[in-house]
Amino acid sequence: MPAREAGEVFGPRMTLFADVLSVGLATAVACLPLLTAPAALSTACALLRGAREGQPATAGRYFALLRRRLRTGDFAVGALAAAGVLLLAADLALARAGLPGGSAFAVIAACIGACAMVAGLRACARPESLTD
């Protein structure tokens, strides 16, 4: 890790922390319209991956990459993810309604939902997700 330069208040680790924080806040804002969440997460992963190679990781660069990144397929995936979350919420609400076997179904549905979320996040983090 390089040392501080003369006149530099914070070291390189603090600069990286500030960059990651600004990208995280920008990603949170970009995920608010739920349909853009997969594209926003994928762009954030690519930007932070580039930070390891010396590319700047700023919120301005993030929004520039996100603007180029948004495609029709990204909105479709966002709609599919939102529909999956709504379906899971409806299934869990029905399981709590007192149906026979509802508690076992709730556990299984929660596990399936967690696995689907992990798979979706891993798909967003792949380098190929920016172009494919």
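In the predicted model, the buried residues of helix α4 are Asp74, Gly78 and Ala95, and the elements that cover these buried positions include α2, α3 and α5. The length of α4 was compared with that expected of a helix: at 1.5 Å a residue, its 24 residues should span 34 Å, and the C-alpha atoms at its two ends lie 35 Å apart, so the two values agree.

Asp74, which is found in helix α4, was examined further. With a relative accessible area of 8%, Asp74 falls under the 20% cut-off and is therefore classed as buried. Not counting residues up to four places away in sequence, Asp74 touches Leu35, Ala39 and Arg69. With Arg69, Asp74 forms a salt bridge in which the closest N and O atoms are 2.6 Å apart, and a search of the whole structure finds 1 salt bridge. Side chains of opposite charge can pair when their charged atoms come close. In this pair, Arg69 is buried, and Asp74 is buried as well. Asp74 and Ser129 are 55 residues apart along the chain, while their C-alpha atoms are separated by 9.9 Å. A further pair involving a buried residue of α4 is that of Gly78 with Pro33, whose C-alpha atoms are separated by 9.3 Å although the two residues are 45 positions apart along the chain. Pro33 is found in the loop between α1 and α2, and its relative accessibility of 48%, which lies between the limits of 20% and 50%, means that Pro33 counts as partly exposed.

Helix α5, comprising residues 102–125, was treated in the same manner. Its 24 residues should span 34 Å at 1.5 Å a residue, and its end C-alpha atoms are 34 Å apart, which agrees with the expectation. Within α5, the buried residues include Gly102, Ala109, Gly113 and Cys124, and the buried residues of this helix pack against α2 (37–51) and α4 (72–95). Cys124 also takes part in a polar contact with α2: the side chain of Ser42, a residue placed in helix α2, reaches the backbone oxygen of Cys124 at 3.4 Å. Ser42 counts as buried because its relative accessibility is 1%.

Helix α2 also contains Thr43, for which a relative accessibility of 1% likewise gives a classification as buried. The side chain of Thr43 reaches the backbone oxygen of Ala39 at 2.7 Å; Ala39 is also one of the residues touched by Asp74.

The largest nonpolar core has 12 residues, namely Val23, Ala26, Ala30, Cys31, Ala37, Ala39, Ala40, Ala44, Leu47, Ala57, Tyr62 and Leu66. Two or more residues are given to this core by each of α1 (12–30), α2 and α3 (59–69), and the largest share, 5 residues, comes from α2. In soluble globular proteins, nonpolar side chains tend to be buried together. Ala44, a member of the core, is in contact with Val23, Thr27 and Tyr62 when its neighbours within four places in sequence are left aside.

Tyr62, which belongs to the same core, has a relative accessibility of 0% and is therefore counted as buried. A search of the whole structure finds 1 aromatic pair, and this pair is formed by Tyr62 and Phe63 in an edge-to-face arrangement, with 5.3 Å from centre to centre and 75 degrees between the planes. The angle exceeds the 60 degrees required, and the pair is therefore assigned as edge-to-face. Phe63 has a relative accessible area of 31% and is therefore partly exposed, whereas Tyr62 is buried.

At the level of the whole chain, the secondary structure comes to 5 helices and 0 strands, which follow the pattern α-α-α-α-α when read along the sequence. Of the 132 residues of the protein, 22% count as buried. Among contacts with a separation of 6 or more, 59% are accounted for by residues 24 or more positions apart.

Notes. Residues numbered from 1 in each chain as written. Predicted model: local features only at pLDDT ≥ 70, side-chain atom pairs only at ≥ 80, totals over all residues. Heavy atoms only, no water. Helix = DSSP H or I, 4+ residues; strand = E, 2+ residues; numbered from the N terminus. Expected span 1.5 Å × (residues − 1). Buried < 20%, exposed > 50% of the residue type's maximum accessible area, 1.4 Å probe, protein only. Contact = heavy atoms within 4.5 Å. Core = buried A, V, L, I, M, F, W, Y, C linked by side-chain atoms within 4.5 Å. Salt bridge = Lys/Arg side-chain N within 4 Å of Asp/Glu carboxyl O. Polar contact = N/O pair within 3.5 Å; in protein donor to acceptor, adjacent residues only side chain to side chain. Phe/Tyr/Trp six-rings, centres within 6.5 Å; stacked < 30°, edge-to-face > 60°.
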